[in-house]
Amino acid sequence: MATQNQLITTAELADILSRPELRLFDCTTYLEPAPAGSGIPYVVVSGRQTFEAGHLPGANFLDLQAEFSDSRTALRFMMPEVAQLEAAFGRHGISANSRVVLYSIGTAMWATRFWWMLRALGFEGAAVLDGGIDKWTAEGRDIETGLSGGYPPARFMARPKDGLFVGKHDVLAAIVEDDTVIVNALGPQFYQGLEPSRYGRPGRIPGSVSVPAASLIDAKSKTFVPLAEAEATFAAQGITRAKRVVAYCGGGISATIDLFQLHRLGYDNLTLYDGSMGEWAKDEALPIETG
């Protein structure tokens, strides 16, 4: 089983905290309930406050919605123009020589989203901290509080890769493609349309299979499940290396957990439907299925 390891353990990170090329980031965002009748799925709240309350030594903070998302659309967290990302990552001190480690609180999905974005920009020097700050603090390791001084600005030059993000028209075409499998990373109740959806119509993209992002993370330790277990989970849904994988969720965030594990397993034909159900469920022209 060929694997690509872009996961770093807490022990491995502790050994490199003092290295000058390290760029360590808390990527946490929170999704709060939207006001009744607002028509939006959730309220986006920056994780900056919890970052200031406690973060890994030397870490800085990345604000996904404020700096790294397209502000021209009502959809949250959409991939913005390359120039915006080059400027933002450069402000945070990332260059071609940086070793980037990403983590988030409670769930890895905010870290894996940044990992996927960096990969789409051609940057391969990023890793996700296994277990995040949850495992770090559970082990009794040091944390810092307050604001961070920030890393010195750098020049971040993107080398964008084609095909890592797709839109609704690509997904619509993929429904009938035998060489593509569409993967839903939401929980089973949302996949089946058994519960009301905050995104609009309940249900899933027709023909998509279910691999909940939560099934790829150990609920207690917050670490990724072993690769052999993840491989079996994907295989049970007919996902093979011979097929292109299009992953989606609610807003293009938790699906990056699926993509991260698939990448680590050596799958190389992977893409993310960025709009996900936040776009699909509201478009009455697009098909949807339940059950």
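The largest cavity in this predicted model is lined by Ser 104, Gly 106, Thr 107, Ala 108, Ala 111, Val 128, Leu 129, Gly 131, Gly 132, Asp 134, Ile 217 and Lys 222. Strand S7 (126–129) and helix H6 (132–138) are the elements that each give two or more residues to that lining. One of the lining residues, Ala 111, also turns up among the buried residues of helix H5, so H5 gets a closer look below, along with helix H4, the loop after it and strand S11.

**The cavity**
- The structure holds 1 cavity of 30 Å³ or more, and about 60 Å³ of space lies in the largest cavity.
- Sorted by class, its lining comes out as 5 nonpolar, 5 polar and 2 charged residues.
- As background, rolling a probe the size of a water molecule over the atoms is what shows where empty space is left.

**Helix H5 (109–120)**
- H5 is largely enclosed by the rest of the structure, because 12 of its 12 residues are buried.
- That buried set takes in the aromatics Trp 110, Phe 114, Trp 115 and Trp 116, and also includes Arg 113 and Arg 119.
- How far apart should the ends of H5 be, at 1.5 Å a residue? The 12 residues should span 16 Å, and the end C-alpha atoms are indeed 16 Å apart, so the two figures agree.
- After H5 comes Gly 122, with a positive phi near 85°.

**Helix H4 (82–91) and what follows**
- On H4, the buried residues are Leu 85, Ala 88, Phe 89 and Gly 90.
- Which helices do the buried residues of H4 pack against? They pack against helix H3 (64–67) and helix H5 (109–120).
- Gly 93, just after H4, takes a positive phi of about 85°.
- His 92 sits in the loop between H4 and strand S6 (99–103).
- Is His 92 buried or exposed? Its relative accessible area is 13%, which is under the 20% cut-off, so His 92 counts as buried.
- Leaving out residues up to four places away in sequence, His 92 touches Arg 23, Phe 25, Phe 61, Leu 62, Glu 67, Phe 68 and Tyr 151.

**Strand S11 (244–248)**
- S11 is mostly covered, with 4 of its 5 residues buried.
- Strand S9 (180–184) runs parallel to S11 and is joined to it by 5 bridges.
- Strand S12 (270–273) also runs parallel to S11, joined by 3 bridges.
- Val 246 has a partner in each of these strands: Ile 182 is its bridge partner from S9, and Thr 271 stands opposite it in S12.

Note on methods: Residues numbered from 1 in each chain as written. Predicted model: local features only at pLDDT ≥ 70, side-chain atom pairs only at ≥ 80, totals over all residues. Heavy atoms only, no water. Buried < 20%, exposed > 50% of the residue type's maximum accessible area, 1.4 Å probe, protein only. Contact = heavy atoms within 4.5 Å. Expected span 1.5 Å × (residues − 1). 1 Å grid on protein atoms, 1.4 Å probe; cavity = no way out; pocket = protein on both sides within 12 Å on 5 of 7 lines; lining within 4 Å. Points joined across faces, edges and corners; volume = space filled by probe spheres on them. Nonpolar A, V, L, I, M, F, W, Y, C, P; charged D, E, K, R; others polar. Pairing = 2+ DSSP bridges.
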